[in-house]
Amino acid sequence: MNGSKRALWNASLEELKSWCEEHGERGFRARQIREWAGQHRVRGFDAMTNLPKRLRHELDQAWTLSSSSVSHASNDVDLTRKLLVRLADGGVIECVLIVEEDRRTLCLSTQVGCAMGCVFCASGLDGVDRSLTTGEMIEQMLHVTHLLPPNERLTHIVVMGMGEPLANLEALLPALEFATAKTGLGVSQRHVTISTVGLPKRIRQLAEAGKRYHLAVSLHASNDRIRQQIVPTAEKVTLDEILAAADAFRQETGRQVTFEYVLLADINDEAHHAQELARRLRGRDAMINLIPFNPVSGLPYREPTSTRTKAFAETLREAGFTVKVRKRKGARIDAACGQLRRSQRDSNEIVPLVSS
């Protein structure tokens with residue numbers, strides 16, 4: 001790729017309109033260009049057949065349809081596909097396509113690495129390098145749509161890949177605007193889920209954006225003591241503060257909040273943890289998503305037994321909550337967040353945790 005070329009998706013529609021007008025074309029050409037690259041999935045300007053040949057040539061000289069490239073792709077027998085994407089500056093991120101019945105779901109990354117430091121997650125083991133641009137997030141969407149047959153499209157987006165989405169909200173919201181626009185990918189706002197480790201101010205900011213996105217809050221613990229062990233950022237914010245912000249999101253948007261909980265064997269998966277979690281969430285119209293730990297090379301944590309997982313879920317159901325146990329997808333292709341990227345690096349020694 002020519003480094004002097006500008007990445008198309010890092011430019012706003014207005015910026016592209018101005019460029020077209022500076023090159024003797026009407027501003028509506030900008031929308032045509034984006035529709036060709038987004039909706040029609042073309043990989044080169046030459047394929048934009050309703051544009052003048054001169055304009056296509058000038059576009060090719062000045063712009064690139066993608067500043068990033070797929071450096072590795074893995075396929076699992078369950079049709080999960082994971083992409084390792086190399087950015088223009090050499091950074092590496094991951095995105096995943098999950099195929100299930102009539103759903104085609106993209107798991108989107110928002111940062112190179114992650115600063116939240118959850119001890120069970122491969123994404124944050126090396127910290128965070130930087131946040132992604134809006135264009136780099138859109139390019140992930142397009143890399144994944146290129147995997148789909150022409151008669152299929154993305155139906156859902158879960159912002160649960162590398163990084164803390166709400167720490168990069170300013171770049172994320174325009175990317176999701178493209179994803180949900182009729183002139184973009186046409187994904188319903190109701191089929192977009194943004195996951196957060198729990199940043200109260202940012203949760204309230206997301207609520208004020210006026211979108212119909214779904215919010216998933218990662219609790220991972222039934223009390224602050226355990227949470228501070230497995231989510232280092234928890235030292236700065238309590239579960240009560242996070243739940244208050246989630247309640248405000250529910251009231252502002254009318255959207256039910258999902259609470260996510262990674263089950264770590266003998267750390268947060270015992271009967272008294274389930275009971276304590278039920279008491280803490282009492283009175284909320286909440287969905288609880290239980291996620292049995294997906295083993296990561298170099299980490300000492302273990303997946304809970306199926307018996308303990310079922311018992312944990314049943315305790316919450318008896319308390320009146322809707323509970324789902326997430327199915328493992330892409331186990332053979334390092335599909336857990338950060339695993340594929342991490343597999344190329346040396347593991348650091350991690351000290352196991354003790355339940356409390």
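**A friendly note on two loops and one helix**

1. Let's start in a loop: Arg-41 sits between α2 (28–38) and α3 (53–62). Keep in mind as you look that this is a predicted model. The phi of Arg-41 is near 60°, a positive value in a residue other than glycine. As a rule, most residues other than glycine have a negative phi. Is Arg-41 buried or exposed? Its relative accessibility is 17%, and because buried means under 20%, Arg-41 counts as buried.

2. Next, look at the loop between β12 (257–263) and α9 (271–280), where you will find Asp-266. Asp-266 also has a positive phi, near 65°, and is a residue other than glycine. With 37% relative accessibility, Asp-266 counts as partly exposed.

3. Now turn to helix α6, residues 200–208. Which of its residues are buried? They are Pro-200, Ile-203, Leu-206 and Ala-207. These residues cover an arc of only 120° around the axis, so they lie on the same side of α6. A general point helps here: an α-helix has 3.6 residues a turn, so residues three or four places apart point the same way.

4. What about the other face of the helix? Turned away from the buried side of α6 are the exposed residues Lys-201 and Glu-208.

5. Which elements cover the buried residues of α6? The cover includes two helices, α5 (169–180) and α8 (239–253), along with the strands β10 (192–196) and β11 (214–218).

6. Finally, follow the chain just past the end of α6: there Gly-210 takes a positive phi of about 75°.

Key. Residues numbered from 1 in each chain as written. Predicted model: local features only at pLDDT ≥ 70, side-chain atom pairs only at ≥ 80, totals over all residues. Heavy atoms only, no water. Helix = DSSP H or I, 4+ residues; strand = E, 2+ residues; numbered from the N terminus. Buried < 20%, exposed > 50% of the residue type's maximum accessible area, 1.4 Å probe, protein only. Arc of directions from axis to C-beta. Contact = heavy atoms within 4.5 Å.
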